[in-house]
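Reader: I'd like a close look at the surface of this protein, patch by patch. Could you also take in the cysteines while you're there?

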Amino acid sequence: AQRLKSAASLIDGLGGEKVRWKELSQELQITYDNVTGDILLASGVIAYLGAFTVTYRDQATSGWAAILQSQAITCADTFKLADTLGEAVKIRAWTIQKLPNDAFSIDNAIMLERSDRWPLMIDPQGQANKWVRNMEVDSDLKLCKQNQPTFVRTIENAISFGQPVLLENVPETLDPILESVLLKAVVTAGGVSTIRLGDAQVEYDARFRLYITTKMPNPHYSPETCVKVNLLNFMATAEGLQDQMQGLVVTTEQPALAKKSEELVLEDASNKKQLKEIENKILEVLSSSSGNILDDEVLISTLAESKKTSTEVGIRVKEAEVTSTEINIACTRFTPVATRGAILYFVITDLALIDPMYQNSLTFFVRLFDRSIRSAPKSDDEAKRRMYNSSQITRDVFANICRGLFERHKLIFSFMIVANILQRARQMK
């Protein structure tokens, strides 16, 4: 009688999971078949492609995939690092921590996490710096620069106490005192791990993490430096910047919608995390069960509880997906304004090719963009309002940037703006 009752609970507890787990099993089979080639490609991306642009990465991985397939090593038809090594819950957490929500930046974050070498991030816009600060905010992150007198002391204390360190704005040469830290030359004797820092032998805590950033857009590091660090290119992409600009427009134009969207992102991350934990719990309980599964009361009660929680979370996830779709549709109405902002920013950055003196930060541009949206003429007609926003942003950017340009470069700047806008609209090749 007890076994029949347990069997009924077990069927009820796992019955609803059959369809979903069957689909997941089929997906896992495809992943399993491609695992050798995909992991080989992922290893190559992490080891060699961190410093390159998204276009070059795609070309390299496509070429590598063709070589693998010619050698009868199966891999995904369209390789994506996030599909092979990414975890949806973790990626969602990173985007909440202000990692730009585009594939290029997400791939960089995965490389940072998976590589054995400390990351050196090319970060002229400061986006990686902001993300690391948010990610490590609860871990007592230490900030320092190479030209500070307390630089070595900060690193030494962090190594001893297992704290993360963010070494900012490094030049093209790293301090030689970091040699053993970059090489992770940890020596263990008598159960105590130590590492040499300059002339001192410092006790090494395994929780220590080192992040290095540089603001130089095109640094030239020596081969000796490149083999010691994981060089990552965090320069802003059009896709990531457009996403940021769209968030700014929505926050200004429809603050209630922006607040709802932010709450939904946090709720969705929490729900997905909870579902993942439930799945892991069910699999752990099933794998550790011995003897007749129907006699294991703990297992049956755990499954019943997990089923109840899973059902509740599943309903919340579906509701969140519907709301998210509605919000995304509403947000896409402001895409033309965000696109104009992204175009203008990349035109401004291209000015440095004319004269290295023309340097403008992303922070400055974001403030200017926000101010332009707020000062644009109001209108109840949404199409007119978008047109006013785009015109105001273009006018304000031109006026502000021209203040710092030589007279002979102003006409070139005007042409660059017009040419890029027309190219994006496919009205000019």
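Author: Here's a walk over the surface patches, followed by the cysteines. Keep in mind that this is a predicted model.

Let's start with the nonpolar patch. Tyr 32, Val 35 and Ile 39 make up this patch on the surface, and together they have about 300 Å² of accessible area. Tyr 32 sits in helix 2, which covers residues 18–48. Its relative accessibility is 61%, and the cut-off for exposed is over 50%, so Tyr 32 counts as exposed.

Now for the charged side of the story. Glu 262, Glu 263, Glu 267 and Glu 319 form a negative patch on the surface. Helix 12, residues 255–288, supplies the largest share of that patch, namely three residues. Glu 262 is in helix 12, and it counts as exposed because its relative accessibility is 55%.

On to the cysteines. If you were wondering about disulfides, a search of the whole structure turns up zero. Such a link would be a covalent bond between the sulfur atoms of two cysteines. As for individual cysteines, Cys 75 has a relative accessibility of 5%, under the 20% cut-off, so it counts as buried. Cys 226 has a relative accessible area of 27%, so it falls in the partly exposed class, between the 20% and 50% cut-offs.

To pull it together: there's a nonpolar surface patch that includes Tyr 32, a negative one built from glutamates, among them Glu 262, and zero disulfides in the whole structure.

Notes. Residues numbered from 1 in each chain as written. Predicted model: local features only at pLDDT ≥ 70, side-chain atom pairs only at ≥ 80, totals over all residues. Heavy atoms only, no water. Patch = residues over 30% accessible without salt bridge, like charges linked within 9 Å, V, L, I, M, F, W, Y side chains within 5 Å. Areas by Shrake-Rupley, 256 points an atom, 1.4 Å probe, with all protein chains shown as cover. Salt bridge = Lys/Arg side-chain N within 4 Å of Asp/Glu carboxyl O. Helix = DSSP H or I, 4+ residues; strand = E, 2+ residues; numbered from the N terminus. Buried < 20%, exposed > 50% of the residue type's maximum accessible area, 1.4 Å probe, protein only. Lys, Arg positive; Asp, Glu negative; His and termini not counted. Charge placed at Lys NZ, Arg CZ, Asp CG, Glu CD. Disulfide = S-S within 2.5 Å.
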